[in-house]
Amino acid sequence: MKPFHSPFDSPNAINYISDVLSSGNTAGGGKYYNFLAQYFFKKFSRSSYFTTSCTSAMELLALTMNIQKGDEVILPTYTFPSTANAFALRGAKLVFVDSQIDHPNIDLNKLKDCITPKTRLIIPMYYGGVSLDWDVLNDIRSTFGVPILEEAAHAFGALHVKDNSSIPLGKLGDYAVFSFHETKNISCGEGGLLLVSDEKYEDSMSVSFEKGTNKREYLEKNLDFYEWRSLGSSFVGSELNAAYLLAQLEQYEAELIKRLERWRELYVGLSEISTDRWSLPIIPEFAQHNAHIFYLRFSQMDDRISFEKWMLQNEIPVSGHYRCLHSSYFGSLTKQKGSFENAISFQDGLCRITMNSEIDTSLIIDVINEYNKL
Ligand SMILES: Cc1ncc(COP(=O)(O)O)c(C=O)c1O
């Protein structure tokens, strides 16, 4: 069976990686780091930090914002543990919020009810690269004055559509993070990105980023030495990863078009199957997603489990997704009360179907059609 995720080919990757190897500068922050910074500035008009992962991008933000005990951060319960870990590591109280009734994304009405004077950060995550209602999010930000981190691990290349124009996800909040892990639409093995919209933390962030030293300032201003200035860690992605990512970025636009075509073929083909056993993804009008995930949402968990077996027997990779954080072993120690019924229904009923630009959509549709007849 083919793997569930398959990174796409980027022919220049080998050339760029060879260039890095022959230069001898394989650590982070060199020529390819700067190419990426230019690329991201052009796309997002924001300062960028290319990191070892999306997880470390969030840890960099949490450290720089000096998130600490007594602070609260609001995040979806239906997300990956990294969204929580980065802030839990700094002692913050995690406030989990349910999904929307018809989409795994965070429910913005329930989110509003969780804001308190202790809220330091709101973290909407774009499930499958699907945008959220930014009219509501902007309203929340201006009413409560709390910054927003776009948790865009899934969302590179996805857009928010408003008044006939499109804005890349990552350009709407105060901060944004992306993942370039092997499982994402665009990857460099392991890698991540933090985008920052203002200069408030510029100096302190560059110190945290450089292992707690003023190395950047030393390099820029030709100082005699650099030294330990504050807490920091090792966040920067290596030049090898940066070179691979640049090669992927060059191919991504063409790849995304093909990927979206496959997603659409699945959607249209599966819409023709009449069933009340599952439903297809619902995409709001303001979202132009990036085909990161295609899923069926089953009404019965047992049915979802037998469907997965059927698909795997037919050599079509499928997989459920997140276990809700609030009820996971570690998350349940927070003993948070609340209603999470939508997120639980996605946990129990959602089945992802393999998605990339090469999948054989007619075969997948046929196999699903057969399952519906069982
Ligand atoms: C929503 C979300 N955030 C963060 C991550 C972690 O990304 P990374 O592996 O780049 O740290 C994942 C991993 O899949 C994820 O699904």
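This tour goes through two helix pairs and the ligand site of a predicted model.

**Stop 1: α1 and α9**

Select residues 12–23, which form helix α1, and residues 239–271, which form helix α9. The two axes come within 8 Å and cross at roughly 155°. Angles over 145 degrees count as roughly antiparallel, and α1 and α9 are therefore roughly antiparallel to each other. The crossing of α1 past α9 is right-handed. To see the contact, show Asn12, Ala13, Tyr16, Ile17, Asp19 and Val20 on α1. On α9, show Glu239, Leu240, Ala243, Tyr244, Leu246, Ala247 and Glu250. Coloured by class, this contact has 9 nonpolar, 1 polar and 3 charged residues.

**Stop 2: the ligand**

Next, select the ligand and the 15 residues around it. Which of these residues come nearest? They are Ser53, Thr55, Phe80, Ala153 and Ser179. Two helices, α3 (54–64) and α4 (81–88), each supply at least two residues of the shell. By class, the shell around the ligand has 4 nonpolar, 10 polar and 1 charged residues.

**Stop 3: α3 and α7**

Keep α3 selected and add residues 202–209, which are helix α7. The axes of α3 and α7 come within 9 Å, crossing at roughly 125°. How are these two helices oriented to each other? At that angle α3 and α7 are oblique, because 125° falls outside the ranges for roughly parallel, perpendicular and antiparallel. Their crossing is right-handed. The residues to show are Leu60, Leu63 and Thr64 of α3, with Ser204, Met205, Ser208 and Phe209 of α7. This contact has 4 nonpolar and 3 polar residues, and no charged ones.

Definitions and conventions:
Residues are numbered from 1 along each chain as its sequence is written. This is a predicted model: local features need pLDDT of at least 70, side-chain atom pairs count only at pLDDT 80 or more; totals for chains, interfaces and linings use all residues. Axes are lines fitted to C-alpha atoms, for helices over the stretch in contact, and angles run from 0 to 180 degrees between N-to-C directions. Helices (H or I, at least four residues) and strands (E, at least two) are DSSP runs, numbered from the N terminus. Angles under 35 degrees count as roughly parallel, over 145 as roughly antiparallel, 65 to 115 as roughly perpendicular and the rest as oblique. A crossing is left-handed if the near helix is turned anticlockwise from the far one by less than a right angle, and right-handed if clockwise. Two residues are in contact if their C-beta atoms, placed from the backbone, lie within 7 Å. Ala, Val, Leu, Ile, Met, Phe, Trp, Tyr, Cys and Pro count as nonpolar, Asp, Glu, Lys and Arg as charged, and the others, Gly among them, as polar. A residue is near a molecule or strand if its C-beta atom, placed from the backbone, lies within 6 Å of it.
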